[in-house]
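Open the model in a viewer with the cartoon shown, and keep a selection prompt at hand. The stops below go from one selection to the next.

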Amino acid sequence: MQHFPIFVALAGRRVVLSGGGDAAIAKLRLLLKTEANLTVITPAPAKEIEAWEADGKLRIIRRAMEPGDATCAVLFYAADEDEAEDARTVALARADGALTNTVDNLQDSQFITPAIVDRDPVTVAIGTEGAAPVLARAIKADLEERLPTQLGALARIGKAFRKMADALPMGRKRRDFWADYYFNQGPRAIAEGEDAVRPALETLLEQHLNTQDKVGHVSFVGGGPGDPELLTLKARNALDTADVVIHDRLISSEILELARREAILIDAGKEGFGPSMKQEDINALIVKHAKAGAQVVRLKSGDPTVFGRLDEELDACNDAGIGWNIVPGITAASASVASIGQSLTRRGRNASVRFLTGHDMKGFADHDWKILARSGEVAAIYMGKKAARFIQGRLIMHGADPATPVTIIENASRADQRVLPTTLANLAHDIAEADLSGPALTLYGLAPRSVDAVLSQIKTQEFA
């Protein structure tokens, strides 16, 4: 992110623009929506700019810009549509201490003006850092269609009511009141006219003041393999309403960004053969926050029901009398097999698939190696990197063909995904050589549909 989005308070403050043509007019149309004191500097103002001056909306200085003209200005726009003149005026404005923007010149601008959806006082700003203005306009048009025109009026009335709403305790109770207003009672009331909104707000506040606090609840949510677009709608909704999010180490930062900004985020990460939070401590955290009345999301990578130690956390909730629900997620095996263009089962090859763990609480996990060693068997092995040599030895010892295809997928579904095709004979060696640092799933018995294509993709990613 090269440009940090902020909203600058302009009421009563000075904004200066140099230029009097079409570029200046376009920028002024936007600036006139603010409460800034606008000064336009140009020897030849367009008639439209002169009309704005006649209406008292701005002031014109009818000459070229001089040193000191941008003194005390918060923002300065160079809109002379002349490269040399724009550079000159920008230098003067910066010397006067103003932040500068050169119209249609992203590189030389200290700030940019985004596309705006105006539902005053609700303002939505859309920026693409100059990369895709057409896309910004498309998003703007879509949002303008979605956001009702009455939204601004609801927000203005709500703002005037905020001190009354402070009678509700900070946190979920107050948040529920405002959600009820903006998404239920407010739109119904304003349909009868603005005069009906204030009485509806007073009635709604009374209802929420007399409503008992909600009891705490825990949602065990599958965060999927890492790509935020693979989250279910139910998972997104849970993150939107969570007071506390207790998450695994493998949850991607992009998914954590989707949590409500005020939510408490707690890293309860576990790392195989590495530093980990004790399961008893995680259980205690879940119970503590839910007992305090919070809506808790226990966010687990993949699907919470697959090697997620879910039962222990459910038992802790049951023992404490806390309600819970489970939101399934896409498990790593599904994302991994999709990334190599294969399926976990196939007619004539295998009618079953095994989900295995490479290690458990006692160390490397033992399985029915004799069955797995049969031709055509397929297994998705979780947490198998450090157990690779152990798995390889057990399978070969029980008669598995050393040429059996094996594929390791690191960071499945993420931008930094890596696919490593190998064979059972080379499994341990190739994993060691690859120096995998992210979470990896081993698909035993499956090769990428096109090994050459995958290898080409890997090389392209490595040298990009």
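Two strands count as paired when DSSP finds at least two bridges between them. The model is a predicted one.

**Stop 1: a parallel sheet**

Begin with β9, residues 244-247. Strand β9 is joined to β11 by 4 bridges, and the two run parallel. Ile-246 has Arg-298 in β11 as its bridge partner. On β10, the pairing with β9 is again parallel, over 4 bridges, and here Val-245 stands opposite Leu-265.

Now show the side chains of β9. In a regular strand, side chains alternate between the two faces of the sheet. Val-244 and Ile-246 point one way from β9, while Val-245 and His-247 point the other way. Are these four buried or exposed? All are buried.

Extend the selection to the whole sheet. Its 5 strands form an open sheet in the order β10-β9-β11-β8-β12, with parallel pairing. Colour β10 (264-267) and β12 (323-327) to mark the edges, where each strand pairs on one side only. From one strand to the next, the twist averages 20°.

Next select β8 (residues 217-222) and β11 (residues 295-300), which run parallel and are joined by 6 bridges. Within this pair, Val-218 has Val-296 of β11 as its bridge partner.

**Stop 2: helices on the sheet**

Add helix α9, residues 233-241, which packs on the sheet and touches β8, β9, β11 and β12. The direction of α9 makes about 135° with that of β11. Then add helix α11, residues 279-291, which also packs on the sheet, touching β8, β9, β10 and β11. For α11 the angle with the direction of β11 is about 155°.

Keep α11 and bring in helix α12, residues 310-320. How do these two helices pack? Their axes are 10 Å apart and the angle is about 40°, so α11 and α12 are oblique to each other. The crossing is right-handed. To see the contact, show Gln-279, Ile-282, Asn-283, Ile-286, Val-287 and Lys-291 on α11, with Glu-312, Glu-313, Ala-316, Cys-317 and Ala-320 on α12.

**Stop 3: β4 and its partners**

Move to strand β4, residues 73-78, where 6 of the 6 residues are buried. Strand β1 (residues 14-18) pairs with β4 in the parallel sense over 5 bridges; look for Val-16 opposite Phe-76. Strand β5 (residues 99-102) also pairs with β4 in the parallel sense, over 4 bridges. There, Tyr-77 has Asn-101 in β5 as its bridge partner.

**Stop 4: α15 and α16**

Select α15 (388-397) and α16 (427-434). The two axes come within 8 Å and cross at roughly 165°. An angle over 145 degrees counts as roughly antiparallel, so α15 is roughly antiparallel to α16. The crossing of α15 past α16 is right-handed. At the contact, Ala-388, Arg-389 and Gln-392 of α15 meet Leu-427, Ala-428 and Ile-431 of α16.

Which residues of α15 are buried? They are Ala-388, Phe-390, Ile-391, Gln-392 and Leu-395. After α15 comes Gly-399, which has a positive phi near 100°.

**Stop 5: the largest nonpolar core**

With α15 still selected, turn to the largest nonpolar core, which has 22 residues. Ile-391, Leu-395, Ile-408, Leu-424, Leu-427 and Tyr-444 touch the most other members. At least two residues each come from α14 (369-372), β16 (379-382), α15, β17 (405-410), α16 and β19 (440-444). Helix α15 gives the most, with 4 residues.

Centre the view on Tyr-444. Beyond its neighbours within four places in sequence, Tyr-444 is in contact with residues including Leu-372, Ala-379, Leu-395, Pro-405 and Leu-424. A separate core of 21 residues lies apart from this one, with Ala-23, Ala-24, Val-40 and Ile-49 among its members.

**Stop 6: Ala-379**

Finish on Ala-379, found in strand β16. Its relative accessible area is 0%, so Ala-379 is buried. Leaving aside neighbours within four places in sequence, the contacts of Ala-379 are Val-353, Arg-354, Leu-356, Leu-372, Thr-442, Leu-443 and Tyr-444. To place Ala-379 against Leu-420, draw a C-alpha to C-alpha distance: the two are 16 Å apart in space and 41 residues apart in sequence.

Definitions and conventions: Residues are numbered from 1 along each chain as its sequence is written. This is a predicted model: local features need pLDDT of at least 70, side-chain atom pairs count only at pLDDT 80 or more; totals for chains, interfaces and linings use all residues. Side-chain values use heavy atoms; hydrogens and water are left out. A nonpolar core is a set of buried Ala, Val, Leu, Ile, Met, Phe, Trp, Tyr and Cys residues joined through side-chain atoms within 4.5 Å. Buried means under 20% relative accessible area, exposed over 50%, partly exposed in between (1.4 Å probe, protein chains only). Contact means heavy atoms within 4.5 Å. Axes are lines fitted to C-alpha atoms, for helices over the stretch in contact, and angles run from 0 to 180 degrees between N-to-C directions. Angles under 35 degrees count as roughly parallel, over 145 as roughly antiparallel, 65 to 115 as roughly perpendicular and the rest as oblique. A crossing is left-handed if the near helix is turned anticlockwise from the far one by less than a right angle, and right-handed if clockwise.
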